[in-house]
Every structure is written in structure tokens, then in C-alpha cells.
Amino acid sequence: MAKTISERDKNSVWHPFTPQLSNEAITIVRGDGALLFDENGNSYVDAISSWWVNVHGHAHAHIAKKISEQANILEHSLFSGFTHKPGVELAEKLLSQFPQMKKVFYSDDGSTSVEVALKMALQYWRNKGKAKTKIIAFENGYHGDTFGSMSVGARTIFTNAFEELLFDVIAIPVPVKGNEKRSIDALKNYMDENTAAFIFEPMIQGAGGMVMYDASALDELVWRCMEKNIITIADEVMTGFGRTGKMFATDHCETKPDIICLSKGLTGGFLPLGATLCTEEIHSAFRTDDKSKTFFHGHSYTGNPLACTAALASLEIFEKENTLKRVGEIAAVFSEWVKEFSVHPEIISARSCGAVFALELKTEGKTEYLNPIAEKVNEFFPKQGIILRPLGNVIYVLPPYCITDEQLGNIIGAIRGFLTLN
Ligand code: PMP
């Protein structure tokens with residue numbers, strides 16, 4: 001008998017973050033709104049937006065149509081010495097959202113948008129004749145899986161195998177409630193003449209367990225960096241495009257970063273694309289007759305027209321459908337959930353920020369990624385028709401904004417059920 005896709009998968013595909021002795025994968029054949037469908041016709045509410053990328057729903061007709069039209073006109077062209085309308089239009093559109101920004105540099109995904117940001121910041125100083133190399137980051141941060149982005153993230157099970165090869169970064173405490181002073185004192189203590197940049201996930205540390213902190217605490221840190229001429233890099237790869245309640249997390253802040261990294265929700269979750277935005281000041285260090293000061297960075301698919309078209313279509317939907325209003329409604333539901341679970345005996349902490357909700361579960365033993373509760377979560381929720389992937393002992397909901405109230409109800413019902421089992 002012919003093998004199923006999941007049987008063939010086992011023989012040929014190596015999946016990300018997946019132990020290789022237990023690689024069972026559900027075959028997804030179709031998506032519609034907040035739902036994904038498997039080969040047996042089962043549906044799943046995609047409660048985590050397929051790794052935080054989906055924004056308006058799966059297979060959204062408007063984005064699909066625009067990509068299809070563009071594919072018949074121009075699928076790709078090189079982007080050095082050549083340009084195209086979708087690339088220019090998207091850059092203009094993104095810049096209109098960030099008045100302090102001057103230029104958009106495209107890459108492929110979140111990790112590369114961070115690599116570009118780091119290289120841009122370091123080369124800025126070198127081009128100015130000051131070889132500053134020290135980078136400050138938050139403890140518990142995550143910025144991607146390439147070497148530079150791993151280096152500025154926390155040292156965890158994800159990075160252990162490469163520890164000796166990662167460059168050193170100064171890690172300061174995250175300014176969660178009650179920790180603000182420790183964070184600021186550490187920054188003040190560590191920043192010096194050699195400090196090139198401070199990189200952070202604004203308001204929510206995603207992969208670190210949906211750790212949340214106030215925009216005002218970030219303002220204070222960014223402000224200190226500005227005083228000392230330290231480049232600030234906001235990694236909005238997860239927080240961008242509405243997750244925190246505003247279009248971008250840095251929209252909650254009074255201070256503005258020098259460099260912003262975008263990806264994930266940028267294309268509405270349709271195609272991979274990274275964008276790194278920088279200010280006039282950063283860009284000015286590269287505008288010179290000296291060709292050795294060029295930013296020698298690029299990827300084959302830089303500025304891919306299909307991806308840029310998807311991003312433009314997604315931004316159109318934000319405007320046409322007033323998507324941020326729905327984000328506000330989801331945020332209100334999540335606030336109610338936080339109230340309910342704050343007093344739950346199985347919960348250490350219930351928190352939300354915009355359309356992101358997280359529960360830290362009481363567990364035996366370690367609270368890190370390989371926590372045994374993760375396996376229980378991975379087994380339980382798909383059987384309830386829900387896709388939830390835990391971060392260690394943290395389960396979280398980060399849905400496409402088209403999710404219905406009924407689907408939200410299904411998710412919270414399943415979470416309640418899960419907690420009674422444990
Ligand atoms: N930065 C942040 C804040 C992220 O959450 C992630 C991915 N989870 C990345 C960067 C890396 O993005 P990608 O997986 O697209 O390389």
C-alpha cells in the first residue's frame with residue numbers, strides 16, 4: 001500500500017527542534033482562518049499562529065491573490081544594482097510607520113534581520129573610526145539560531161553545543177516588575193566607551209517564556225543608552241504587527257530605537273522575509289566615497305517581490321479591516337483569563353500583553369525547555385483540536401487575529417481541562 005505523507009516524512013525529513021528518535025509529525029493539508037486541517041480531516045485551532053507568523057488567518061484570500069498576481073509578473077530578481085516596485089513600496093510603507101527611520105534593509109527571516117542589525121551597528125562604529133565591539137543584551141533573551149543571533153541570546157540547551165564559538169555579550173537582568181532598578185543599575189555598571197549596542201525584545205521576551213515587562217522600564221534603559229551614544233536595537237520579530245496591542249511594541253515607548261528588526265508577521269505569515277530598519281545617523285556612516293565602508297551583506301532572495309507583495313497585502317488588511325480593533329478585543333478576553341488563572345492552584349503566574357497570553361505552570365523539577373510537562377502539553381492539546389506548543393513550563397496563546405470568540409472559548413476550555421489532569 002502507498003505510504004502516507006507522515007510515513008514518507010519519517011524517511012526523508014529532518015524537522016527543526018525535533019529529537020530524532022521520536023519524530024511523529026501531523027500532516028497538514030489545508031488552512032482556513034485560524035484553523036489547520038490534517039490529512040484525516042481533523043481540524044486544529046492554531047493557537048500560536050504557526051510559530052507566531054500568522055496574522056490574518058491561513059490561506060487569506062486577499063494575500064493569496066496578490067501573491068499569485070505578482071508571481072505572474074515578476075517572481076524574483078537580484079537586488080543589488082536592481083530594484084522593483086514591491087520592494088520599494090514596502091520600504092516606503094514600513095518607513096511611514098517609523099518616522100525616525102530612514103532605510104530598510106531586507107533579508108530572509110528573523111535571525112537574519114538580527115544578524116543584519118548587529119553587523120550594521122558594529123560596522124557603523126568601525127566606519128566612524130571607533131572600533132567598539134561590546135554588546136549588551138537581556139538575560140533570558142532569544143534572537144534566532146544563527147551564530148550572531150545565538151551569541152546575543154541566552155545560553156541554553158539551544159546553544160550549548162556551540163558555546164565556545166559564540167562571542168561574549170554582557171547580559172543584564174530583564175526589567176520585570178520589581179526588577180527595574182537592578183536592570184538599570186546593571187546597564188549603568190556595564191556600559192562604557194567600548195559599548196557598541198544594546199539589543200532587546202521590547203515588552204515581551206518570546207522564546208524565553210513570554211516574559212513581560214513595561215514599556216516605561218524599557219524607556220529608561222534606552223534613554224540611558226542614548227545619553228552614552230550606544231546604538232539601541234529593538235528586535236520586534238515577534239512583537240511586531242499588533243501582538244502587544246499596538247502595531248509595534250516600541251509604539252508604547254517614548255524613546256525610539258536606532259535599529260528595528262522585523263520578520264514573522266511582516267508577510268502575514270505567508271512567506272519568509274526579514275527587514276532591518278535604521279535611522280539616518282546609522283545610514284550616514286555608510287554613505288561615503290570609500291568603497292571599503294560598504295555594507296557587504298546580502299542574501300540571494302533579498303527583497304523577494306512575492307514576499308514584499310505579501311507584506312503589502314497584509315498591511316492593506318490591517319488598514320481596511322481595522323485589525324488592531326480586533327487585537328484590542330482579544331486583549332480584553334486575555335485580561336479576563338489572567339484574572340481567572342491568577343488564583344489557580346496549578347499556576348505560578350498568569351500574564352498577558354495585548355494579544356499574547358501566558359501561563360507559567362507549577363511543575364516538578366526544572367522549569368526549562370525540556371520540562372516533562374511539555375510532552376504532556378504536546379500530546380494533550382492536538383487531541384482537543386488545538387495547536388499549543390509550550391516553552392518549558394509556560395503555555396501561551398498567541399492567535400491569528402481572525403480567531404473567533406468561539407475558538408478562543410475552545411482554547412481556554414481545553415486549558416482548564418488540562419490543568420485538572422495535572
Ligand atoms: N527574534 C525573536 C524575538 C524571535 O522570537 C525569533 C524567532 N522565534 C527570532 C528572532 C528568529 O526568527 P526566525 O526563526 O525567523 O529566524
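The shell around the ligand comprises 4 nonpolar, 4 polar and 4 charged residues. The structure described here is a predicted model. This report begins at the ligand and then turns to the strands and to selected residues.

## The ligand and its surroundings

The residues that surround the ligand are W52, D109, G110, S111, Y142, H143, G144, E201, D235, V237, M238 and K264. Three of these residues may be described through their polar atoms and the distances to the ligand, as the table shows.

| Residue | Atom of the residue | Atom of the ligand | Distance |
|---|---|---|---|
| G110 | backbone N or O | oxygen | 2.9 Å |
| S111 | side-chain N or O | oxygen | 2.6 Å |
| D235 | polar side-chain atom | nitrogen | 2.7 Å |

On its own, the ligand has 390 Å² of accessible area, and the protein covers 83% of this area.

K264 belongs to the residues around the ligand, and its backbone also deserves attention. Although K264 is not a glycine, it has a positive phi of about 35°. K264 is placed in the loop between β11 and β12. With a relative accessibility of 25%, K264 counts as partly exposed, because the partly exposed class covers values from 20% to 50%.

## Strands β10, β11 and β12

Strand β11 pairs with two strands that are described here. With strand β10, which spans residues 231-235, β11 pairs in the parallel sense over 3 bridges. Within this pairing, A234 has I260 of β11 as its bridge partner. With β12, the pairing of β11 is antiparallel and involves 4 bridges. Here C261 has T276 of β12 as its bridge partner.

Strand β11 is covered on both faces. I259 and C261 are buried on one side, while I260 and L262 are buried on the other. The bridge partners I260 and C261 thus both appear in this description of the two faces.

The loop between β11 (259-262) and β12 (274-279) also holds T267. T267 has a relative accessible area of 1% and is therefore buried. Leaving out residues up to four places away in sequence, T267 touches I63, L273, A307, A310, A311 and S314.

## Strands β1, β2 and β3

A second set of strands lies earlier in the chain. Strand β1 covers residues 28-32 and is joined to β2 by 4 bridges, the two strands running antiparallel. R30 stands opposite F37 of β2. The two strands form a hairpin with 2 residues between them, and G33 in the turn has a positive phi of about 60°.

Strand β2 is also joined to strand β3, residues 43-46, by 3 bridges in an antiparallel arrangement. L35 has V45 of β3 as its bridge partner. The hairpin of β2 and β3 has 4 residues between the strands, and G41 in this hairpin takes a positive phi near 85°.

Both faces of β2, which spans residues 35-38, are covered. L35 and F37 are buried on one side, and L36 and D38 are buried on the other.

## Selected residues in loops and helices

N140 is located in the loop between β5 and α6, the latter spanning 147-151. Although N140 is not a glycine, its phi is positive, at about 70°. The relative accessible area of N140 is 31%, so this residue is partly exposed.

N179 occupies the loop between β6 (170-172) and α7 (180-190). N179 counts as buried because its relative accessibility is 16%, under the 20% limit for that class. Apart from neighbours within four places in sequence, N179 is in contact with P173 and V174.

K130 is found in the loop between α5 (110-127) and β5 (134-138). A relative accessibility of 42% makes K130 partly exposed. K130 and I199 are 69 residues apart in sequence, and their C-alpha atoms are 19 Å apart in space.

K85 belongs to helix α4, which covers residues 85-97. K85 counts as exposed because its relative accessibility is 60%, and the exposed class begins over 50%. Between K85 and F198, which are 113 residues apart along the chain, the C-alpha separation is 34 Å.

Methods. Residues are numbered from 1 along each chain as its sequence is written. This is a predicted model: local features need pLDDT of at least 70, side-chain atom pairs count only at pLDDT 80 or more; totals for chains, interfaces and linings use all residues. Side-chain values use heavy atoms; hydrogens and water are left out. A residue is near a molecule or strand if one of its heavy atoms lies within 4 Å of it. A polar contact is a pair of N or O atoms within 3.5 Å; within protein, one must be able to donate a hydrogen and the other to accept it, and residues adjacent in sequence count only if both atoms are side-chain atoms. Accessible areas come from the Shrake-Rupley method with a 1.4 Å probe; for residues, only the protein chains shown count as cover. Ala, Val, Leu, Ile, Met, Phe, Trp, Tyr, Cys and Pro count as nonpolar, Asp, Glu, Lys and Arg as charged, and the others, Gly among them, as polar. Buried means under 20% relative accessible area, exposed over 50%, partly exposed in between (1.4 Å probe, protein chains only). Two strands pair if DSSP finds at least two bridges between them. Contact means heavy atoms within 4.5 Å.
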